[in-house]
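User: I've got a model open and want to know what sits behind the labels people put on it. Can you take me through them?

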Amino acid sequence: MGDIVIEETNHRAFALTLANFFMLVASVSIFIFGIANGNNLYEIIGLLAAIVFFVCFLLSIIQTLKEKNLLTITMDGIIDSPSVGGLGFISYDDILDFEIIKTHNTETIAVILKNRESFIAKMPSAKRRKLKSNLYLKQPLIVIHTELAKNMETMDILTLLQKRLRDHKRLYE
């Protein structure tokens with residue numbers, strides 16, 4: 001069995017691409033308006049804006065086409081790597097179970113750890129502060145935001161995680 005890679009949808013990059021396209025169309029319209037009325041100021045402003053937004057549009061298309069991994073389920077653990085707030089590799093040796101919880105009206109997966117203190121101690125200081133703030137707010141330490149998963153539901157991801165955890169326990173415990 002190989003690694004299972006769950007990709008992240010890129011709604012934000014798509015929205016930026018769309019915004020850049022509309023700004024490009026508007027700046028070209030200003031340029032054409034300047035030509036039609038013989039106003040050099042509108043021509044120059046429209047041309048400069050069209051060049052800037054054309055470059056931004058091309059860069060945002062490249063960002064939209066990039067595939068980002070949300071979660072990688074390996075034989076040894078999971079790699080949590082969303083674009084915001086990922087913890088990196090989490091070993092199955094540290095994980096007790098997974099469960100679905102509701103946060104801010106969305107279903108997410110909470111990772112239940114065997115020993116919180118030893119897990120927090122292994123983390124770098126920035127991630128340690130984030131985990132401690134989750135403890136202070138009485139939230140699960142690790143939350144996997146599955147609403148960003150491409151073509152997968154939260155229950156499907158939970159099933160995959162639990163199966164890999166059971167397989168790991170069966171092999172190594």
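Analyst: Sure, starting with contact, which means heavy atoms within 4.5 Å. This is a predicted model, where local features need pLDDT of at least 70 and side-chain atom pairs count only at pLDDT 80 or more, while totals for chains, interfaces and linings use all residues. Residues are numbered from 1 along each chain as its sequence is written, and side-chain values use heavy atoms, with hydrogens and water left out.

User: Which residues is threonine 108 in contact with, leaving aside its neighbours within four places in sequence?

Analyst: Those are Glu99, Ile100, Ile101, Thr103, Val143, Ile144, His145, Thr146, Glu147 and Thr154. Threonine 108 itself lies in strand E6 (residues 106-113); strands here are DSSP runs of E, at least two residues, and helices are runs of H or I, at least four, numbered from the N terminus.

User: Why does threonine 108 count as buried?

Analyst: Buried means under 20% relative accessible area, exposed over 50%, and partly exposed in between (1.4 Å probe, protein chains only). Threonine 108 has 0% relative accessibility, so it counts as buried.

User: What makes H1 roughly antiparallel to H2?

Analyst: Their angle. Axes are lines fitted to C-alpha atoms, for helices over the stretch in contact, and angles run from 0 to 180 degrees between N-to-C directions. Helix H1 (residues 11-37) and helix H2 (residues 40-65) pack at about 160 degrees, with axes 8 Å apart. Therefore H1 is roughly antiparallel to H2, given that the label needs an angle over 145 degrees (under 35 is roughly parallel, 65 to 115 roughly perpendicular, the rest oblique).

User: What packs against H2?

Analyst: The buried residues of H1 do; they are Ala13, Thr17, Asn20, Leu24, Ser27 and Gly34.

User: How does the reach of H1 compare with the expected 39 Å?

Analyst: The expected span is 1.5 Å times one less than the number of residues. H1 has 27 residues and reaches 39 Å from its first C-alpha to its last, close to that expected value. Just after H1, glycine 38 takes a positive phi of about 75 degrees.

User: And how do you know which strands pair in the open sheet?

Analyst: Two strands pair if DSSP finds at least two bridges between them. Four bridges join strand E3 (residues 77-80) to E4, so E3 and E4 pass that test. The four-strand order is E1-E2-E3-E4, with antiparallel pairing. Strand E1 (4-8) and strand E4 (88-91) are the edges, each pairing on one side only.
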